[in-house]
Amino acid sequence: MIVELAPDAVLVVDERGRIELANRAAEVMFGCGRDSLIGLNVDALVPDARRELHRRHREVFATVPQARPMGVGVDLWARRADGSEVAVDISLSPVTFGHGPRIVAIVREVTEHRHEEQETRRRLILADEERIGALLQERITTRLSAAGLALEAAMNRASPEVAHRLRDVIDELDAVLLEIRTAVFGGQ
């Protein structure tokens with residue numbers, strides 16, 4: 001049968017959610033033999049925390065079945081026989097053959113792809129943090145330093161009382177600069 005050649009898991013599910021057909025790739029993905037898959041409710045292949053929601057979605061889909069990817073914009077997970085979870089993409093197609101309507105589910109493991117996406121997001125976040133840090137260094141700390149220097153120049157022309165107050169402001173600016181450098185640059 002052609003589904004045996006498919007690299008992805010192929011499941012044929014009846015209107016009650018019972019698996020009627022599973023290919024070899026499904027056995028490998030879910031970590032159990034075809035005999036264990038056939039007759040099993042497809043909800044059993046969903047992690048416990050998502051099982052009830054999946055059951056409700058499956059029942060709604062059965063009322064108006066149409067070919068579509070499942071869970072667009074949502075991370076989908078499948079549960080293996082050993083209880084471990086695997087990231088998946090699923091495409092659903094309604095078909096009619098044999099004893100009535102069925103759903104063909106093509107399940108592709110995407111764990112590595114998800115890890116790559118997460119790593120890309122992490123790198124983008126780090127790049128943004130570096131860019132923001134550079135902007136802080138360039139704009140804020142430079143302006144605060146310039147303000148401190150201007151105050152020091154004004155101190156030389158001020159009365160002793162005003163000069164003392166200006167020294168307090170300069171010291172506060174220095175403390176703020178140190179806090180920014182420590183928070184953003186780790187004390188650089």
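A residue is taken as buried when its relative accessible area is under 20%. By this criterion Glu27 is buried in the predicted model, because its relative accessible area is 14%. Arg34, the salt-bridge partner of Glu27, counts as partly exposed at 28% relative accessibility. The closest N and O atoms of the Arg34–Glu27 pair are 2.8 Å apart. Both residues belong to a network of salt bridges that also takes in Glu4 and Arg24. Over the whole structure, the search returned 18 salt bridges.

A further salt bridge joins the side chains of Asp43 and Arg58, with an N to O distance of 2.9 Å. Asp43 is located in the loop between helix H2 (34-37) and H3, whereas Arg58 is part of helix H3, so the contact ties together parts that are 15 residues apart in sequence. Each partner is buried: the relative accessible area is 7% for Asp43 and 15% for Arg58.

Helix H3 covers residues 48-63. At 1.5 Å a residue, its 16 residues should span 22 Å, and the end C-alpha atoms lie 24 Å apart, which agrees with that expectation. The helix nevertheless bends by about 25° at His54. His54 is also buried, as are Arg58 and Phe61 of H3. Arg58 therefore combines a buried position with the salt bridge to Asp43.

In helix H4 (residues 111-155), Glu119 and Arg122 are three residues apart, about one turn of the helix. An α-helix has 3.6 residues a turn, so residues three or four places apart point the same way. Glu119 and Arg122 form a salt bridge, the closest N and O atoms being 2.5 Å apart. Side chains of opposite charge can pair in this way when their charged atoms come close. Neither residue of this pair is buried: Glu119 is partly exposed, with a relative accessible area of 29%, and Arg122 is likewise partly exposed at 42%.

At the surface, Met1, Ile2 and Leu5 make up a nonpolar patch of about 420 Å². Met1 is situated in the segment before strand S1 (9-13). The relative accessible area of Met1 is 70%, and this residue is therefore classed as exposed, the cut-off for that class being over 50%.

Technical notes. Residues numbered from 1 in each chain as written. Predicted model: local features only at pLDDT ≥ 70, side-chain atom pairs only at ≥ 80, totals over all residues. Heavy atoms only, no water. Patch = residues over 30% accessible without salt bridge, like charges linked within 9 Å, V, L, I, M, F, W, Y side chains within 5 Å. Areas by Shrake-Rupley, 256 points an atom, 1.4 Å probe, with all protein chains shown as cover. Salt bridge = Lys/Arg side-chain N within 4 Å of Asp/Glu carboxyl O. Helix = DSSP H or I, 4+ residues; strand = E, 2+ residues; numbered from the N terminus. Buried < 20%, exposed > 50% of the residue type's maximum accessible area, 1.4 Å probe, protein only. Expected span 1.5 Å × (residues − 1). Bend = angle between axes of the 7 residues up to and from the residue.
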